[in-house]
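Got the viewer open? Load the model, turn on the cartoon, and let's walk through it one selection at a time.

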Amino acid sequence: MRALSANLFAVLFMCALASVFYVWSALEDRLERYKRRFSVPDGGSFHQGLPEDLSAKTFRSLLAVPAHQRTNLGDRLEARNLTNQPVSVGNRDYHVNGDNKRSSRLEGSVKSDSPVDSGIFWSEWLEDLLPVGFTEEYARTWRRRARTSRVVKLEPGCGRISNQLATFADGTKACVRYGINADQVQGETLTYYLASLLGITNLPPLILSQLNSDSEQWAAVRTRIDSLQWSDRAVVSLTEWISNLTGVVTPAPLRQESSGLHPMLEGLGNKTMEELLELMQWTDLIIFDYLTANFDRLVSNLFSLQWDSRVMERDTNNLHKTPKGDLVFIDNEAGLVHGFRVLNMWEKYHISVLNSVCVFRKRTTQRVAELHRRRDSRQRLLELYRDSEPLSQELGFLSDEHAGVLQDRIDRLHKHISHCKGKYSQL
């Protein structure tokens, strides 16, 4: 009887802790979002006027993490800046396929050709207009120069205090993620390289850096690092800072009350080019978040519907949009490593979100099919990671167990795509 009472007390105590942390986390997150919308480091402004709804948006508390770590989890990356200027560290470059052609066709409704081809794929003519995002050429240039650029200033501005906004000597900026544990930085980094394998270019470029006491890169901000109590030789990630972004609301076809995004969706052919291009990027996002088990975006919104019926009407976590309408996937630390650790808690929501989509980019599905057929996702991700990141060995890689989980999710995704193809192939 005593054991039963003790267990009951422990359960009630944990529930109380979770409730307190959720309320605190939500209030802190909304306050940070409020501050972000009114000022950015370069003096810009995202929105004029107060947000209409400052209520808690998502359930972000990571209940599977020990209580003493929770107050520092769920770091946010800030919004960043995108332009269409030539490749250089000083000028952010967000390329698109045939930008002039694309701009002239974004206005008005879709041309007479169907937006969907071969049953479940976005039409080739539409995919040709899709933003390329951060090109590999640009990402390589940014990574190379960021690794050798001196950091001259660290300040708040990338979400929680455990992150900092870094200013390089040339005036460009990056978000520095100092993880409470290696899972956060590792998840952010490996998620970035998995996106490269899949041909998804919506993620800002990223590098790793080590906080060595004799590092010239960090010498000018050593006092600030000491005040932050960052450990010497810790590995941190730096992601290009992009400003002038706005929030993104979940499209109606992907909300719970909808039948989902499929080829038979009523009104799909009447949508504007801009709407279709955004939907296409959403389908990539859903595939991506399913593979990485990232619960801190659309999945957490779905979970929050239990107590917040209007959560889908507000901005989606960790997703932003450029003035031209191109989506930017940020703050992916919940992917892969931590997402796999708490998979049992979130899997039914991951499956629900994935099942809401039966239209895909053909090029993305081809990458998925290849990873499924060759069953070498671990090897290919590891090779890309090691070839691209000099500090890969210091940070580490997926465990054998988690590498197996990734391959299994690739196989399940391929099966879902095949199911959609069988269902709609006669269209």
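Start by selecting C175: it is buried, because its relative accessible area is 0% (buried means under 20% relative accessible area, exposed over 50%, partly exposed in between, with a 1.4 Å probe and protein chains only). Before going further, keep in mind that this is a predicted model, in which local features need pLDDT of at least 70 and side-chain atom pairs count only at pLDDT 80 or more, while totals for chains, interfaces and linings use all residues. Residues are numbered from 1 along each chain as its sequence is written, and side-chain values use heavy atoms, with hydrogens and water left out.

**The first disulfide**

Now add C158 to the selection and show sticks. C158 and C175 form a disulfide, with their sulfur atoms 2.0 Å apart (a disulfide here is a pair of cysteine sulfur atoms within 2.5 Å). This pair ties together distant parts of the chain: C158 sits in the loop between β7 (151–155) and β8 (163–168), C175 in strand β9 (residues 173–177), and the two are 17 residues apart. Helices (H or I, at least four residues) and strands (E, at least two) are DSSP runs, numbered from the N terminus. The link is left-handed, with -90 degrees about the S-S bond. C158 counts as buried because its relative accessibility is 0%.

**The five-stranded sheet**

Stay in this area and color the strands. Which order do the 5 strands of this open sheet follow? Trace β7-β8-β9-β11-β10, with antiparallel pairing. Two strands count as paired if DSSP finds at least two bridges between them. At the edges stand β7 and β10 (206–210); each has a single partner strand, so one side of each is left without a neighbour in the sheet. From one strand to the next, the twist averages 30 degrees; angles run from 0 to 180 degrees between N-to-C directions, and axes are lines fitted to C-alpha atoms, for helices over the stretch in contact.

Zoom in on β7 and β8, which run antiparallel and are joined by 4 bridges. To see one bridge pair, pick E155 and then its partner in β8, L165.

**The loop between α7 and β11**

Next, select W230. You'll find W230 in the loop between α7 (222–228) and β11 (235–240). Is W230 buried or exposed? W230 counts as buried, because its relative accessibility is 8%. Show what surrounds this side chain: leaving aside neighbours within four places in sequence, W230 is in contact with L154, S162, Q164, V176, Y178, L211 and I225 (contact means heavy atoms within 4.5 Å). For a distance check, draw a line from W230 to G179: C-alpha to C-alpha they are 9.7 Å apart in space, and 51 residues apart in sequence.

Step back to Q229, found in the loop between α7 and β11. Q229 counts as exposed because its relative accessibility is 67%. Check the backbone too: Q229 has a positive phi of about 60 degrees although it is not a glycine. Then move along to R233, also in the loop between α7 and β11. R233 is not a glycine either, yet has a positive phi of about 70 degrees.

**The three-stranded sheet and its helix**

Now go to the open sheet of 3 strands, ordered β12-β13-β14 with antiparallel pairing. Here β12 (246–249) and β14 (327–329) take the edges, each with a single partner strand, so one side of each has no neighbour in the sheet. The twist averages 55 degrees from one strand to the next. Between β12 and strand β13 (residues 315–321) there are 3 bridges, in the antiparallel sense; select G247 and H320 in β13 to see one bridge pair.

Add helix α8 (residues 273–292), which lies across β12, β13 and β14 and runs at about 15 degrees to β14.

**The second disulfide**

Select C358 and C420, a disulfide whose sulfur atoms are 1.8 Å apart. C358 lies in the loop between α11 (343–355) and α12 (362–374), and C420 in helix α15 (residues 400–424), so pick both ends of a link spanning 62 residues. Both cysteines, C358 and C420, are buried.

**Zooming out**

Finally, show the whole chain: 15 helices and 14 strands. Of its 427 residues, 57% are buried.
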